[in-house]
Amino acid sequence: MKREQPKSKKNLTKEDFKRFHRTGKVDVDPSRYDAFSQAALGGVRYQKEDPELVFSRMEKQLGLQDSGGARSVSLRLVMTAAATIAILISVGYLAFFQGASVSGAEMYNTHFMPLSYVDDDIKRGTRTQSNASTDIKTQAIQAYTEEDYAKAEGLFQLHLSQTDPQDRTARFFYGITLLDQGKLKPAISIFEDTRNNPPVAAFKRPATFYLALAHIRQEQHEKALPLLQFLASREDRYGRKASEILSDYGLKPGS
Amino acid sequence: MSRFLRPKYNKLGDENLIELFKQRRDEAALNCLIKRYMSKVYYFSLSILKNQMDAEDAAMEVWANLKNHLVRYQIDNFSAWLMKVTKTESLKVLKSRMKNRFEELSEKNDPALMEFPLFEALDDRNPELEKLSKAVDELKEEQNRCIVAFYFQGMSYEEIAEEEGFELSKVKSHLQNGKRNLRLQLTK
């Protein structure tokens, strides 16, 4: 992924410049904006005409709109909004399920892949198969393995609240059950935590993958892209899947 | 790309939009990029040229060349690159504007011709033009308005007097003082 503007610096938008013109003053702290925005502020005092007219004229010349003028822009916006509402009301449901609309949820459904539960307690020998067979965690794993995520969520929650709050492996899989059910905010928090402090190193990449999926489902594509680029740099199941998603965005891995 | 999955352009970063354009000649990605920067390019150009029409011309020149630039060059930081290109185009227009203005003044044998700093430097000292533009911004308000109107916007003394509501003698005085202050600024 190539270098982006530092996130802390803001961009001035067309709306900002229009507001400066309308109010006759620059009501922002220039130091909070990127270098380009700061340099552009120097032009505000020399703008006499309504900037909307200038932008409309330029957009028209560049073929970015059908006709010029502030009035026609407003009218077009109103008409577009009306048309959109009409479409949503009349055919929205059908269109959504026929794939005519694009959503993070669709991308999520296309690319979600289950992750087998790795019971590291058993691997480490701190828990045995026999005494584990009836406990809550085992039931949670069973439900998770059978992809009954709603049931697994409740059981993992019970395990984490009552049996072992420090079981970070179970917490990660609990995150996957939340993700599946669209409980994105807590899922993202769990994946971020797992990614930063994985219980075992091997969990870093799956945590990154599910974090990217959660962002996609939440329509925060900008946040998902760097994670996908990170994953795509390696040739494993997460790397291959990330490359597939990037290709759906029309991007090449490493671009 | 799957027909079901199209990128949400306004959520993509500059580099992603550029990649989409380069790989697939995706005009929608290019348009999104232009819309994102349109106001900044125009206003930055306006800060240099101090003339709306010239700034619009310079901005259009930037956009007209963008496709070729994107295809020809590997651009790592689009915002910084675009700022540089905007500055170059604006200085080109400023140079041309100044040259035309001095030719007009020369025809009228106007004394303002030889008194204006940097007239002699127009041919080969572009960095000085940028310095001049900044020095003009730092003039007192009345001097700034008269200098900008006379040299950057090509207005006559009478037009400035009418537009700004100054006496004709005041316009000349503000111009005279403005030129002196500019010269002082530029020789610092």
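In this predicted model, N51(B) caps the N-terminal end of helix α3 of chain B, with a side-chain oxygen placed 3.1 Å from the backbone nitrogen of M53(B). The helix that begins here makes a good starting point for a walk through the structure. Helix α3(B) covers residues 52–72, and its 21 residues should span 30 Å at 1.5 Å a residue; the end C-alpha atoms are 30 Å apart, so expectation and model agree. That agreement sits alongside a bend of about 45 degrees at L66(B).

Many residues of α3(B) are buried, among them Q52(B), D54(B), A55(B) and E56(B) towards the start of the list, and W63(B), L66(B), H69(B) and L70(B) towards its end. The residue at the bend, L66(B), is thus one of the buried positions. In an α-helix there are 3.6 residues a turn, so residues three or four places apart point the same way. Pairs with such a spacing can be picked out here, including A59(B) with V62(B), and V62(B) with L66(B), each of these residues being buried. What covers the buried residues of the helix includes elements from both chains: α3 (51–61) of chain A, and, from chain B, α1 (14–24), α2 (27–49), α4 (78–107) and α7 (141–152).

One of those covering elements, α4(B), also holds E89(B). Is this glutamate buried or exposed? With a relative accessible area of 9%, E89(B) falls under the 20% cut-off and therefore counts as buried. Leaving aside residues up to four places away in sequence, E89(B) touches A58(B), E61(B), V62(B) and N65(B). Of these partners, A58(B) and V62(B) are themselves among the buried residues of α3(B).

Seen as a whole, chain B contains 9 helices and 0 strands, and reading along its sequence gives the pattern α-α-α-α-α-α-α-α-α. Of its 188 residues, 53% count as buried. Contacts between residues at least 6 apart in sequence join residues at least 24 apart in 62% of cases. The chain exposes about 9,000 Å², of which carbon and sulfur atoms supply 47%.

Cysteines deserve a brief look as well. C32(B) is buried, since its relative accessible area is 14%, and C146(B) is buried too, at 0%. How many disulfides does a search of the whole structure find? The search returns 0 over all chains.

Turning to chain A, helix α9 (residues 149–163) offers another check on geometry. Its 15 residues should span 21 Å at 1.5 Å a residue, and the end C-alpha atoms are 20 Å apart, which agrees. The buried residues of α9(A) are Y149(A), A152(A), E153(A), L155(A), F156(A), H159(A) and L160(A), and these pack against α8 (136–145) and α10 (168–180) of chain A.

The loop between α8 and α9 of chain A contains E147(A), which has a positive phi of about 60 degrees although it is not a glycine. Most residues other than glycine have a negative phi. E147(A) is partly exposed, with a relative accessible area of 48%. A positive phi, near 65 degrees, is also found at E219(A), again a residue other than glycine. E219(A) lies in the loop between α12 (204–217) and α13 (221–232) of chain A, and a relative accessible area of 25% makes this residue partly exposed.

Conventions:
Residues are numbered from 1 along each chain as its sequence is written. Chains are lettered from A and ligands numbered from 1 in the order in which they are written. This is a predicted model: local features need pLDDT of at least 70, side-chain atom pairs count only at pLDDT 80 or more; totals for chains, interfaces and linings use all residues. Side-chain values use heavy atoms; hydrogens and water are left out. A disulfide is a pair of cysteine sulfur atoms within 2.5 Å. Buried means under 20% relative accessible area, exposed over 50%, partly exposed in between (1.4 Å probe, protein chains only). Helices (H or I, at least four residues) and strands (E, at least two) are DSSP runs, numbered from the N terminus. The expected span of a helix is 1.5 Å times one less than its number of residues. The bend at a residue is the angle between axes fitted to the seven residues ending there and the seven starting there. Contact means heavy atoms within 4.5 Å. A polar contact is a pair of N or O atoms within 3.5 Å; within protein, one must be able to donate a hydrogen and the other to accept it, and residues adjacent in sequence count only if both atoms are side-chain atoms. Accessible areas come from the Shrake-Rupley method with a 1.4 Å probe; for residues, only the protein chains shown count as cover.
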